[in-house]
Amino acid sequence: QKGGAVFDANVTAFHEDAEGAIWIATSNGLVRFAGGRFHQFTTRDGLFHDNLHQVLEDADGRLWLGSSGGIFAISRNELNERAA
């Protein structure tokens, strides 16, 4: 939930990062679950595409997202800062 509303999306993949946050690829963006809270990221937050199929992390802290528009990377730290 985000602000009391349920996300309207199909879940396609999960990834747990080294800090224990769960990243959820969905048909409507990327969702982060950490500290008991959900935060949704979409193209408004810098994602290249919202319809995601996969999420993986590299050794440099980038999240690699497979989407209907192709593969792209985004900084995990940047997303964490946006969620704070």
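**View 1. A nonpolar patch on the surface of the predicted model.** Leu56, Trp64 and Ile71 come together here as a nonpolar surface patch. Between them, the three side chains' residues offer about 340 Å² of accessible area. Keep in mind for this and every other view that we're looking at a predicted model. Ile71 belongs to strand β7, which covers residues 70–75. With a relative accessible area of 69%, Ile71 counts as exposed because the cut-off for that label is over 50%. Gly70 sits in strand β7 too. At 27% relative accessibility, though, Gly70 is partly exposed. To place this spot against the rest of the chain, take Asp50: its C-alpha atom is 11 Å from that of Gly70, with the two positions 20 residues apart in sequence.

**View 2. Strands β5, β6 and β7, joined by two hairpins.** Start with β5 (residues 52–57) and β6 (residues 62–67), an antiparallel pair held by 5 bridges. Glu57 finds its bridge partner in β6, namely Leu63. The hairpin between β5 and β6 has 4 residues in the middle, and Gly61 in that turn shows a positive phi of about 80 degrees. Now move along to β7, which is antiparallel to β6 and shares 6 bridges with it. One of the residues to look for is Arg62, whose bridge partner in β7 is Ser75. The hairpin from β6 to β7 gets by with 2 residues in between.

**View 3. Arg62 and its two acidic partners.** Which residues form salt bridges with Arg62? Asp58 is one of them, and the closest N and O atoms of that pair are 2.8 Å apart. Asp60 is another, with an N to O distance of 3.5 Å. Arg62 itself is partly exposed, at 35% relative accessibility. Asp60 is exposed, its relative accessible area being 61%. In the model, the salt-bridge count comes to 6.

**View 4. Arg76 meets Glu57.** Here the side chains of Arg76 and Glu57 make a salt bridge, 2.6 Å from N to O. Arg76 is part of helix α1 and Glu57 part of strand β5, so this pair ties together parts that lie 19 residues apart in sequence. Buried or exposed: where does Arg76 fall? Arg76 counts as buried, because its 10% relative accessibility is under the 20% cut-off. Glu57, at 25%, is partly exposed. Zoom out a little and the pair turns out to belong to a network of salt bridges that links Asp17, Glu19, Glu57 and Arg76.

**View 5. Glu19, out in a loop.** Glu19 is found in the loop between β1 and β2. Its relative accessibility is 61%, which makes it exposed. What does Glu19 touch once its neighbours within four places in sequence are left aside? The contacts are Arg76 and Asn80. For a sense of where Glu19 sits relative to the patch residue Trp64, compare C-alpha atoms: these two are separated by 17 Å, and they are 45 residues apart along the chain.

**View 6. The four-stranded sheet and the helix that packs on it.** Four strands make up this open sheet, in the order β1-β2-β3-β4 and with antiparallel pairing. The edges are β1 (11–16) and β4 (37–41), each of which pairs on one side only. On average, neighbouring strands in the sheet are turned by 20 degrees against each other, direction ignored. Helix α1, residues 76–83, packs on this sheet and touches β2, β3 (29–34) and β4. The helix direction makes about 115 degrees with that of β4. As a general reminder, strands of a sheet pair through backbone hydrogen bonds, in either a parallel or an antiparallel way.

**View 7. A closer look at β1 and β2.** These strands run antiparallel, with 5 bridges joining β1 to β2 (residues 22–26). If you want one pair to find your bearings, go for His15, whose bridge partner in β2 is Trp23.

Note on methods: Residues numbered from 1 in each chain as written. Predicted model: local features only at pLDDT ≥ 70, side-chain atom pairs only at ≥ 80, totals over all residues. Heavy atoms only, no water. Pairing = 2+ DSSP bridges. Axes fitted to C-alpha atoms, helices over the stretch in contact; angles between N-to-C directions. Contact = heavy atoms within 4.5 Å. Patch = residues over 30% accessible without salt bridge, like charges linked within 9 Å, V, L, I, M, F, W, Y side chains within 5 Å. Areas by Shrake-Rupley, 256 points an atom, 1.4 Å probe, with all protein chains shown as cover. Salt bridge = Lys/Arg side-chain N within 4 Å of Asp/Glu carboxyl O. Buried < 20%, exposed > 50% of the residue type's maximum accessible area, 1.4 Å probe, protein only.
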